[in-house]
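Grab a coffee and work through a few short exercises on this structure. Try each task yourself before you read the solution.

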Amino acid sequence: PDWLSAKEQHAWRSFLRLQGLLQLSLNRGLQREGGLSLAEFGVLAALSEAPHRRMRVLELARALQWEKSRVSHQLRRMTTRGLVCRAGCDEDKRGAFVEITPAGLAAIGAAAPSHVQTVRENFFDALSERDVEDLGRISDAVIKVIEADCGETCE
């Protein structure tokens, strides 16, 4: 194999640690402030921003970049909590939409301000404007390589 150099290994391990610590921090903040998990917040954010505040399950899976089974399990738990509900699809009688409920909208509305503050404090405040631009450029370059490699399966 083409082993990672010491610099590459450091960058890679730092990136993985950053990702883990950031997810942990965001999850703890959401649990503390709004009683939501990071996964629940992601689902609610996607649905709240979708036209008519609803999406097909496969469309939601693609938006979250999750496996369909993970989405199904998450939706089952969130339906039990009253955050989302399923609705029929007139165009496809076998299909269904997932919709955010009023309780789901209230939950994300309550959690979003502190979530954004946590993102800012734990991520963006540590970066310069140039760092943010570089991060966007670097992320786009890596995404382009991965999407070219996996094609439609990345969606």
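This is a predicted model, so keep that in mind as you go.

**Exercise 1. Decide whether Arg 70 counts as buried, partly exposed or exposed.**

Start with the location: Arg 70 sits in helix α4, which covers residues 68–80. Next, look up its relative accessibility, which is 42%. Buried means under 20% and exposed means over 50%. Arg 70 therefore counts as partly exposed. As an extra, check its distance to Gly 20: the two are 50 residues apart in sequence, and their C-alpha atoms are 19 Å apart in space.

**Exercise 2. Work out which residues are joined with Asp 134 in one salt-bridge network.**

Keep the general idea in mind: side chains of opposite charge can pair when their charged atoms come close. Step one is Arg 130, whose side chain meets that of Asp 134 in a salt bridge at 3.3 Å, N to O. Both lie in helix α6, four residues apart, or about one turn of the helix. Step two is Arg 137, which also bridges to Asp 134, with the closest N and O atoms 3.6 Å apart. These two are three residues apart in helix α6, so about one helical turn separates them. Put the steps together: shared partners join Arg 130, Asp 134 and Arg 137 into one network. For exposure, Arg 130 at 57% and Arg 137 at 52% are exposed, while Asp 134 at 21% is partly exposed.

**Exercise 3. Find which parts of the chain the salt bridge between Arg 54 and Glu 99 links.**

The whole structure has five salt bridges. In one of them, the closest N and O atoms of Arg 54 and Glu 99 are 3.6 Å apart. Now place the partners: Arg 54 is in strand β1 (residues 54–56) and Glu 99 in strand β3 (residues 96–100). With their positions 45 residues apart, the pair links distant parts of the chain. Arg 54 is partly exposed at 27%, and Glu 99 is partly exposed at 22%.

**Exercise 4. Describe the lining of the largest pocket and say which helix gives the most to it.**

First, the volume: about 1,200 Å³. Then the lining: 28 residues, with Phe 15, Gln 19, Leu 22, Phe 123 and Ser 139 nearest the centre. By type, they divide into 19 nonpolar, seven polar and two charged. The helix you want is α1, which gives ten residues. Phe 15 is in α1 and is partly exposed at 41%. Phe 15 also belongs to a nonpolar surface patch with Leu 4, Trp 12, Leu 16 and Leu 18, about 470 Å² of accessible area together.

Key:
Residues are numbered from 1 along each chain as its sequence is written. This is a predicted model: local features need pLDDT of at least 70, side-chain atom pairs count only at pLDDT 80 or more; totals for chains, interfaces and linings use all residues. Side-chain values use heavy atoms; hydrogens and water are left out. On a 1 Å grid over the protein atoms alone, a cavity is a set of points where a 1.4 Å probe fits but cannot get out, and a pocket is an open set with protein on both sides within 12 Å along at least five of seven lines; lining residues have an atom within 4 Å of a point. Grid points are joined across faces, edges and corners, and a volume is the space filled by probe spheres set on the points. Ala, Val, Leu, Ile, Met, Phe, Trp, Tyr, Cys and Pro count as nonpolar, Asp, Glu, Lys and Arg as charged, and the others, Gly among them, as polar. Patches are made of residues with over 30% relative accessible area and no salt bridge: like charges are joined within 9 Å, nonpolar side chains (Val, Leu, Ile, Met, Phe, Trp, Tyr) within 5 Å. Accessible areas come from the Shrake-Rupley method with a 1.4 Å probe; for residues, only the protein chains shown count as cover. A salt bridge is a side-chain nitrogen of Lys or Arg within 4 Å of a carboxyl oxygen of Asp or Glu. Buried means under 20% relative accessible area, exposed over 50%, partly exposed in between (1.4 Å probe, protein chains only).
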